[in-house]
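Colleague: Before I rely on the labels attached to this model, I would like to go through them one by one. Could you show it to me first?

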Amino acid sequence: WINCGSATGDTILHYLSMGREYRKIYAVETSEQLVTHLETVFALLPDGGGQIEIYNRAFEGKDGRYSIDSVFAEEKVTLINMDIEGAELIVLEGAEKKIREDRPVLAIAAYHKPGDLLEIPKLIADMDSGYHVYFRKYKGWAPDVINEYIYYAVPTERLTGRNDHG
């Protein structure tokens with residue numbers, strides 16, 4: 001699981017609190033202060049956060065040396081989520097190969113830029129038409145954040161248990 005914009009680690013901690021299994025979680029955060037917080041929090045986990053790796057660097061687009069496709073070329077990725085303050089489209093473009101090959105579930109924030117409401121689902125469909133895209137509105141987490149919009153994209157075979165893709 002690649003968690004882009006890990007912030008305080010709340011999404012990861014919520015996932016772990018449900019007792020879900022995982023092999024590896026990559027917590028991606030660019031704020032030095034939040035990285036220090038993540039290191040402290042994950043060290044308190046029963047396994048010391050042994051299967052959680054923190055990346056303190058922003059991902060680049062598809063032509064970048066530090067794209068999701070290049071950094072995780074040898075990893076099997078099953079989930080990518082992003083809430084990265086408007087950089088979602090660029091980073092998503094740099095994950096095209098992983099999306100086509102590994103077919104991860106995607107959870108992508110679409111509320112930072114108005115154009116993202118149309119561009120994110122279009123980009124996902126252009127990359128791979130075998131995804132079902134869902135849209136959900138959440139109440140904002142702070143008084144000045146009215147709504148948070150998230151696109152969920154799920155490969156057909158993950159919905160039905162069949163592999164109708166390739």
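Colleague: Leaving aside its neighbours within four places in sequence, which residues is Ile-68 in contact with?

Modeller: This is a predicted model, to begin with. Outside that stretch of neighbours, Ile-68 touches Ile-2, Cys-4, Phe-59, Ala-73, Ile-80, Met-82, Val-91, Gly-94, Ala-95 and Lys-98, where a contact requires heavy atoms within 4.5 Å. Ile-68 itself belongs to helix α3, which covers residues 68-71.

Colleague: Why is Ile-68 called buried?

Modeller: The relative accessible area of Ile-68 is 0%, and the label applies under 20%, so Ile-68 is buried. As for distance, the C-alpha atoms of Ile-68 and Ile-120 are separated by 17 Å, with their positions 52 residues apart along the chain.

Colleague: What makes the protein as compact as a globular protein of its length?

Modeller: The elements to consider are seven helices and seven strands, which follow one another from the N terminus as β-α-β-α-β-α-β-α-α-β-α-β-β-α. The radius of gyration is 16 Å, and the globule rule gives 15 Å for 166 residues; the two values are close, so the protein is as compact as a globular protein of that length. Along the principal axes, the C-alpha atoms fill a box of roughly 40 × 40 × 35 Å.

Colleague: What share of the residues is buried, and what share of the contacts with a separation of 6 or more comes from residues 24 or more positions apart?

Modeller: Buried residues make up 42% of the 166 residues, and residues 24 or more positions apart account for 63% of those contacts. The accessible surface comes to about 9500 Å², with 52% of that area belonging to carbon and sulfur atoms.

Colleague: How do you know that Asp-102 and Lys-98 form a salt bridge?

Modeller: Their closest N and O atoms are 2.8 Å apart, and the criterion asks for a side-chain nitrogen of Lys or Arg within 4 Å of a carboxyl oxygen of Asp or Glu, so the pair qualifies. Both residues lie in helix α5 (residues 96-102), and because they are four residues apart there, about one helical turn separates them. Asp-102 has 12% relative accessibility and therefore counts as buried, and Lys-98, at 3%, counts as buried too.

Colleague: What makes the salt bridge of Glu-157 and Arg-103 a link between distant parts of the chain?

Modeller: The side chains of Glu-157 and Arg-103 meet with an N to O distance of 2.7 Å. Glu-157 sits in helix α7 (residues 156-160), whereas Arg-103 is in the loop between α5 and β5 (105-109), and the two are 54 residues apart. Glu-157 and Arg-103 are both buried.

Colleague: Why is Lys-122 called partly exposed, and which residue does its side chain meet in a salt bridge?

Modeller: Lys-122 has 46% relative accessibility, which falls between the 20% and 50% limits, so Lys-122 counts as partly exposed. Its partner is Asp-126, at 2.9 Å from N to O; since they are four residues apart in helix α6, about one helical turn lies between them. Elsewhere, salt bridges that share partners join Arg-103, Asp-128 and Glu-157 into one network, and the structure holds seven salt bridges.

Colleague: Where is Glu-119, and how far is its C-alpha atom from that of Leu-38?

Modeller: Glu-119 is placed in helix α6, residues 116-127, and its C-alpha atom is 31 Å from that of Leu-38, which is 81 residues away along the chain. With a relative accessible area of 40%, Glu-119 is partly exposed.

Colleague: What makes the phi values of Ala-7 and Glu-85 worth a remark?

Modeller: Most residues other than glycine have a negative phi. Phi of Ala-7 is nevertheless positive, near 50°, and Glu-85 has a positive phi of about 55°. Ala-7 lies in the loop between β1 (2-4) and α1 (10-17), and Glu-85 in the loop between β4 (79-82) and α4 (88-93).

Colleague: Why is Glu-85 called exposed, but Ala-7 partly exposed?

Modeller: Glu-85 has 62% relative accessibility, and exposed means over 50%, so the label holds for Glu-85. Ala-7 has a relative accessible area of 27%, which lies between the 20% and 50% limits, so Ala-7 is partly exposed.

Methods:
Residues numbered from 1 in each chain as written. Predicted model: local features only at pLDDT ≥ 70, side-chain atom pairs only at ≥ 80, totals over all residues. Heavy atoms only, no water. Rg over C-alpha atoms; globule rule 2.2 N^0.38 Å. Buried < 20%, exposed > 50% of the residue type's maximum accessible area, 1.4 Å probe, protein only. Areas by Shrake-Rupley, 256 points an atom, 1.4 Å probe, with all protein chains shown as cover.
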